[in-house]
Every structure is written in structure tokens, then in C-alpha cells.
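Colleague: I would like to learn how to read a model of this kind, one feature at a time. Where should we begin?

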Amino acid sequence: MQIKGETSVNKLILLFVFDKMESPLTERTLVDMCTSSNDWMNYMDCVVLIHKLLSDGFIAEIPSSDDPLYSITTDGRETLANFYINIPRSLREEISREVKKNSSKFRIRQECKADYYQNKDGQSYTVYLKILSAAEPMLELKFVVPDKKAANNIFKKWEDKASELYSAVYDTLMD
């Protein structure tokens, strides 16, 4: 349910998403939630409005080692409290349901980073895996695999396996 041409309502939608998620978000996560995963606004409006909310002081950037995280500010919460009624009730309910249903998926996606590249030998690949907290990495792994197929397989599985691997490493080292 896109609200076409309603810049102020779309700003409130973004603030409402921040409020419901109750944690800092990357731009990628916020844009994905509001555009491709749902149809609450179009991509370009979303990107522009995130930066407008930032410059207006309604959200703040939290520096991190990878992608910057954004969080709603006190002014943003006050504005939302005063004007959230301008967001259609059906849309507020849809956003609330979506966040309740998928918030952990979005958090995991932004906390688990993976990348790989081909090594100078022309055959093997190095895979980088990270689990991020708000301030710094909680776990970083870097290892060499024999080929692109193995690197891509690890890359694709990382989000689903990261917490399990972190627990196994932590438990093993704390014994």
C-alpha cells in the first residue's frame, strides 16, 4: 500500500518502522523492509527520505565497522507520537504485523555479513564472514576454500548458520 506523493506520511512510516523494530537499522535493511519486501513506498522516495530524516535530526547515525546504523532520535519519537495518526490505520497494522513476523530475519540479515573473492593463484577463494553488533564485530572468520562453488555455498548459508556457528565456537572455547 504505497502512499504516492505523501512525503510527510512516508517520513512517518519510516519513523514508525524504526519505532516498531526497536533497534538500529542499516539503510539496506530499512529500504528492503519498506520497498521490496513490502510495498509501503517506492525505492527512490525511501532512500531520499532516510537522508532527509537524518539531516533533520529525526534519526541519527551510529558509526559501525561496516554499514552505518541508524536509530530514531528523541525528536523523531516526539514527532511520531504527535503525528502517527496521519499514517492510515490499516498501514500501521500491516507494519506492526510485518515487524512482529519478520524482525528477527531483518536483524540477522544486517548482523551477518559475508563476502568472498578470488585469490592471486587464480583458483582458490577467500571467504570473509562476520557477525556484527551495534558497535563492532562479535566474530570474524577468514578462510581459504578451493573454488568459487565452495565460496558461494558458504556465502549463501552464512545468514542461516551464523548463530549456530557462533554458539559452537563460544561453547568450545569457554569449556
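Modeller: Begin with a helix and its buried face. In α6, the buried residues are Ala151, Trp158 and Ala162; buried means under 20% relative accessible area, exposed over 50%, and partly exposed in between (1.4 Å probe, protein chains only). Helices (H or I, at least four residues) and strands (E, at least two) are DSSP runs, numbered from the N terminus. This is a predicted model, in which local features need pLDDT of at least 70 and side-chain atom pairs pLDDT 80 or more, while totals for chains, interfaces and linings use all residues. Residues are numbered from 1 along each chain as its sequence is written, and side-chain values use heavy atoms, without hydrogens and water.

Colleague: What covers the buried residues of α6?

Modeller: The cover includes β4, β5 and β6. Helix α6, residues 148-174, lies across these three strands and runs at about 160 degrees to β4. Contact here means heavy atoms within 4.5 Å. Angles run from 0 to 180 degrees between N-to-C directions, with axes fitted to C-alpha atoms, for helices over the stretch in contact.

Colleague: At which residue does α6 bend?

Modeller: Compare axes fitted to the seven residues ending at a residue and the seven starting there; the angle between them is the bend. For α6 the bend is about 70 degrees, at tryptophan 158, one of the buried residues of this helix. The span can be read as well: α6 covers only 33 Å between its end C-alpha atoms, where a straight helix of 27 residues would span 39 Å. The expected span is 1.5 Å times one less than the number of residues.

Colleague: Which residue caps the N-terminal end of α6?

Modeller: Aspartate 147 does, with a side-chain oxygen 3.3 Å from the backbone nitrogen of lysine 149.

Colleague: How should I read the sheet under α6?

Modeller: Strands of a sheet pair through backbone hydrogen bonds, either parallel or antiparallel. Here the order is β4-β5-β6 in an open, antiparallel sheet; two strands count as paired if DSSP finds at least two bridges between them. β4 (112-118) and β6 (137-145) are the edge strands, each pairing on one side only. Neighbouring strands are turned against each other by 10 degrees on average, direction ignored. Between β5 (residues 125-132) and β6 there are eight antiparallel bridges, and tyrosine 128 stands opposite lysine 142 in β6. Helix α5 (residues 89-111) also packs on this sheet, where it touches β4 and β5 and makes about 40 degrees with the direction of β4.

Colleague: In what order do β1, β2 and β3 form their sheet?

Modeller: The order is β1-β3-β2, again open and antiparallel. β1 (25-26) and β2 (59-62) each have a single partner strand, so one side of each has no neighbour in the sheet. β1 meets β3 (residues 69-72) over two bridges, and threonine 26 has leucine 69 of β3 as its bridge partner. Helix α1 (residues 7-21) lies across all three strands, at about 95 degrees to β3.

Colleague: Is asparagine 38 buried or exposed?

Modeller: Asparagine 38 is buried, at a relative accessible area of 10%, although its place is in the loop between α2 (27-36) and α3 (43-55). A polar atom of its side chain lies 2.7 Å from the backbone oxygen of methionine 33. Proline 68, in the loop between β2 and β3, is partly exposed at 28%. Beyond four places in sequence, proline 68 touches Leu25, Thr26, Glu27, Glu61 and Ile62.

Technical notes: A polar contact is a pair of N or O atoms within 3.5 Å; within protein, one must be able to donate a hydrogen and the other to accept it, and residues adjacent in sequence count only if both atoms are side-chain atoms.
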